[in-house]
Amino acid sequence: MKEADFNEWLAGLPALTSAQKQRLAAALTGADPATTVANELDALGVSHCPHCAAGSPVRFGHASGLQRYKCHACRRTFNALTGTPLARLRHRDAWRVFAQALIDGESVRRSAASAGVHRNTAFRWRHRFLAAPSDMQAKRLAGIAEADETFIRRSYKGSRSLERPPRQRGGGAKKSRKGRDPDDEVGVLVMRDREGHTLSHALETVDHRTIDDTVGHRLEREAVLCTDGASVYQRYAQYRGVTHEPVNLAQGIRVRRPAFHVQNVNAYHSRWKGWMERFHGVATRYLDHYLGWHRMLDAVGDSATPHNVLAAARGHAYQHSTMT
Ligand SMILES: [Zn+2]
């Protein structure tokens, strides 16, 4: 290439997307992308048999590019992906680029183009990659914790019409708090302590038992719970046995200490809602996947790498000591 052409090509590099930079880096190093992914997955290790949960599996050759293991108890073989949401997904060479597209929050269409796969594949991959992170929550919340819910429009996007429940009309009195109709909107609970440990979950019903059953049981009994003072949180705090500090200034509730506020949880809701705008509405049944995806990105921050995403997709907590 002529020097002038090369300079022009080089000057165009800042316009590349992160996923395109991944592809360029792979091309420059000459590393086979499928091998890179296989090596990363193998490096995560396998501590027990996915079939019978026995420990100490032994290495047993290689198969389809991955280390194979054999279980001494049930004698079955497996690899790093057996029994994980990534098992039997094809085109492993595109997984790092796809993982970068998840970090960048790309649309299905765009991530499909980046990874060079059909958009139905990209859609399937998205939800396979997010299955494990959607179950990863902070192990426990301690100290001062905040809780609040927000509502988003219910969506049956991508569902067959039969899956949509019949709408209840004329029954009246079916308003949730904040005047929402639960037929039209679904609640999103966020709980967060001052260390940044975060719980978030979609709620079909915003009541104290549902809050406790989904993620609320992870709040330590010694914690102080700050909320806007809604009765649902008073009941939940009582049920859980934690101190409740209502901080709704609009209702004239006095704040006992400046540290008692709900600014962190409100800021988190804003970040999540802002990030969600790019998707132009998501199917309600996938809401927990989008919550898990955002928890991961929010926790790992700007340093997120395709390796983080692959490890999390395989079920490894991205913040090891504080998550399950
Ligand atoms: Zn076994």
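What spacing do the donors of the zinc ion follow along the chain? In this predicted model, the pattern reads C-x2-C-x18-C-x2-C. The residues behind that pattern are Cys49, Cys52, Cys71 and Cys74, and each offers its SG atom to the zinc ion from 2.3 Å away.

Let's stay with two of these cysteines for a moment. Cys49 and Cys74 are 25 residues apart and link distant parts of the chain. Cys49 sits in the loop between α3 (33-43) and β1 (58-63), while Cys74 belongs to the loop between β2 (66-70) and β3 (77-78). Their surroundings are worth a look too. Cys49 has a relative accessibility of 1%, so this residue counts as buried. Cys74, with a relative accessible area of 28%, is partly exposed.

Now look at the geometry around the metal. The four donor atoms subtend angles of 104 to 117° at the zinc ion, and the arrangement is therefore tetrahedral. As a reference point, the ideal angle for four tetrahedral donors is 109.5 degrees.

From the zinc site, we can turn to a pair of helices. Two packed helices are described by the angle between their axes and the distance between the axes. Here, helix α2 (residues 18-29) packs with helix α4 (residues 95-103) at about 155°, and their axes lie 8 Å apart. That angle makes α2 roughly antiparallel to α4, because angles over 145 degrees count as such. The crossing of these helices is right-handed. If you would like to find the contact in the structure, α2 contributes Ser18, Ala19, Gln22 and Arg23, and α4 contributes Arg96, Val97 and Gln100.

Terms used. Residues are numbered from 1 along each chain as its sequence is written. This is a predicted model: local features need pLDDT of at least 70, side-chain atom pairs count only at pLDDT 80 or more; totals for chains, interfaces and linings use all residues. Side-chain values use heavy atoms; hydrogens and water are left out. Donors are N, O and S atoms within 2.8 Å of the metal (3.2 Å for Na, K and Ca); water is not among the atoms, so sites may look incomplete. Four donors count as tetrahedral if all angles lie between 85 and 135 degrees; four count as square planar and six as octahedral if opposite donors are over 155 degrees apart and all others between 65 and 115; anything else is irregular. Helices (H or I, at least four residues) and strands (E, at least two) are DSSP runs, numbered from the N terminus. Buried means under 20% relative accessible area, exposed over 50%, partly exposed in between (1.4 Å probe, protein chains only). Axes are lines fitted to C-alpha atoms, for helices over the stretch in contact, and angles run from 0 to 180 degrees between N-to-C directions. Angles under 35 degrees count as roughly parallel, over 145 as roughly antiparallel, 65 to 115 as roughly perpendicular and the rest as oblique. A crossing is left-handed if the near helix is turned anticlockwise from the far one by less than a right angle, and right-handed if clockwise. Contact means heavy atoms within 4.5 Å.
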